Amino acid sequence: MGIAMKLVLCEGKDEVSVMEGLCEASGLSGLTVEPIHGKDKLREVLTELPKRPEFARKEVESLGILLDAGQDPTAMWQKLRHDVQATLGPALTDQAVFAGERPKVAGLLVGGKDGRGMLEDLCLEAVRSQPGFPCLEDYFRCLAEKTGQEEYHSKARFRAWMASQSEFEFHVGKAAEKGFLPWANPAFDRLREFLKKL
């Protein structure tokens, strides 16, 4: 048990890029970040984890699970808790609180300021204070008035922001890789603290 592996599972490749960028900017090392390719695959991935050699050898010290909060964070948290308990055993009591040992397991839902949404909502919150952001809000307000479409997806809003920042329209993962996210912004603090606990 000389090796201590800290594993982070998140939904997809974009999330992996953001977590790796945040870790690098925050001086966090030694974390292995892997995608589960969608929250619906969580139980399947967790079921297979104990079969991996590093788990069998008890080398995995901690496991962090990150999922988008969605529009019903309570239901998403119940799903995460249920999937963890059904597959690995530990009963999670609250977000970012670890349960079990070797690996200790914790989960965290990612969203905007109100706790709902997804990674793009968190990233939009991080760039909210930057010059030009009010223009983005005006743009989507105008679109809503002209088209009658009340809501625009966070992914569309983030891509529109990135289109205003570079000659390319970047999705959130590429924005992280290219250094367009302000990692020191307090919007990332909760996520940063969670990763530090691993």
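These are short exchanges on helix packing and residue exposure in a predicted model.

Me: What makes E120 buried rather than exposed?
Reply: Its relative accessible area is 3%. Buried means under 20%. So E120 counts as buried. E120 lies in helix 5.

Me: Which residues does E120 touch, leaving out those up to four places away in sequence?
Reply: E120 touches S154, K155, F158 and V172. Of helix 7, S154 and F158 are themselves buried.

Me: Which residues of helix 7 are buried?
Reply: S154, F158, W161 and M162 are buried in helix 7, which spans residues 154-163.

Me: How do you know on which side of helix 7 they lie?
Reply: They cover an arc of only 95° around the axis, and therefore sit on the same side of helix 7. The general rule is that an α-helix has 3.6 residues a turn, so residues three or four places apart point the same way.

Me: What do the buried residues of helix 7 pack against?
Reply: Three helices: helix 5 (119-127), helix 6 (133-147) and helix 8 (172-177).

Me: Why is helix 5 called oblique to helix 7?
Reply: The two pack at an angle of about 40°, with axes 9 Å apart. Under 35 degrees would count as roughly parallel, and roughly perpendicular runs from 65 to 115. An angle of about 40° fits neither class, so helix 5 is oblique to helix 7. The crossing of helix 5 with helix 7 is left-handed.

Me: Which residues meet where helix 5 packs on helix 7?
Reply: Helix 5 brings E120, D121, C123, L124 and V127. Helix 7 brings S154, K155, R157, F158 and W161. By class, this contact of helix 5 with helix 7 holds five nonpolar, one polar and four charged residues.

Me: What makes helix 6 oblique to helix 7?
Reply: Their axes come within 10 Å and cross at roughly 130°. Over 145 would be roughly antiparallel, and 65 to 115 roughly perpendicular. An angle of roughly 130° falls in neither range, so helix 6 is oblique to helix 7. The crossing of helix 6 and helix 7 is right-handed.

Me: Which residues make the contact of helix 6 with helix 7?
Reply: F133, L136, E137 and F140 come from helix 6. A156, R157, A160 and W161 come from helix 7. The classes are six nonpolar, no polar and two charged residues.

Me: Why are helix 1 and helix 9 called roughly perpendicular?
Reply: The axes of helix 1 (residues 13-26) and helix 9 (residues 189-197) come within 11 Å and cross at roughly 80°. The range for roughly perpendicular is 65 to 115 degrees. So the label fits helix 1 and helix 9. Helix 1 supplies M19, L22, C23 and S26, and helix 9 supplies L191, R192 and L195. That gives five nonpolar, one polar and one charged residues.

Me: How do you know whether E101 is buried or exposed?
Reply: Its relative accessibility is 70%. Exposed means over 50%. So E101 counts as exposed. E101 sits in the loop between helix 4 (73-87) and strand 4 (104-110). E101 and G64 are 37 residues apart in sequence and 12 Å apart in space, C-alpha to C-alpha.

Me: What makes G179 count as exposed?
Reply: Its relative accessibility is 53%. The cut-off is over 50%, so G179 counts as exposed. G179 is found in the loop between helix 8 and helix 9. From G179 to V45, the C-alpha to C-alpha distance is 30 Å.

Terms used: Residues numbered from 1 in each chain as written. Predicted model: local features only at pLDDT ≥ 70, side-chain atom pairs only at ≥ 80, totals over all residues. Heavy atoms only, no water. Buried < 20%, exposed > 50% of the residue type's maximum accessible area, 1.4 Å probe, protein only. Helix = DSSP H or I, 4+ residues; strand = E, 2+ residues; numbered from the N terminus. Arc of directions from axis to C-beta. Contact = heavy atoms within 4.5 Å. Axes fitted to C-alpha atoms, helices over the stretch in contact; angles between N-to-C directions. Left-handed = near helix turned anticlockwise from the far one by under 90°. Nonpolar A, V, L, I, M, F, W, Y, C, P; charged D, E, K, R; others polar.
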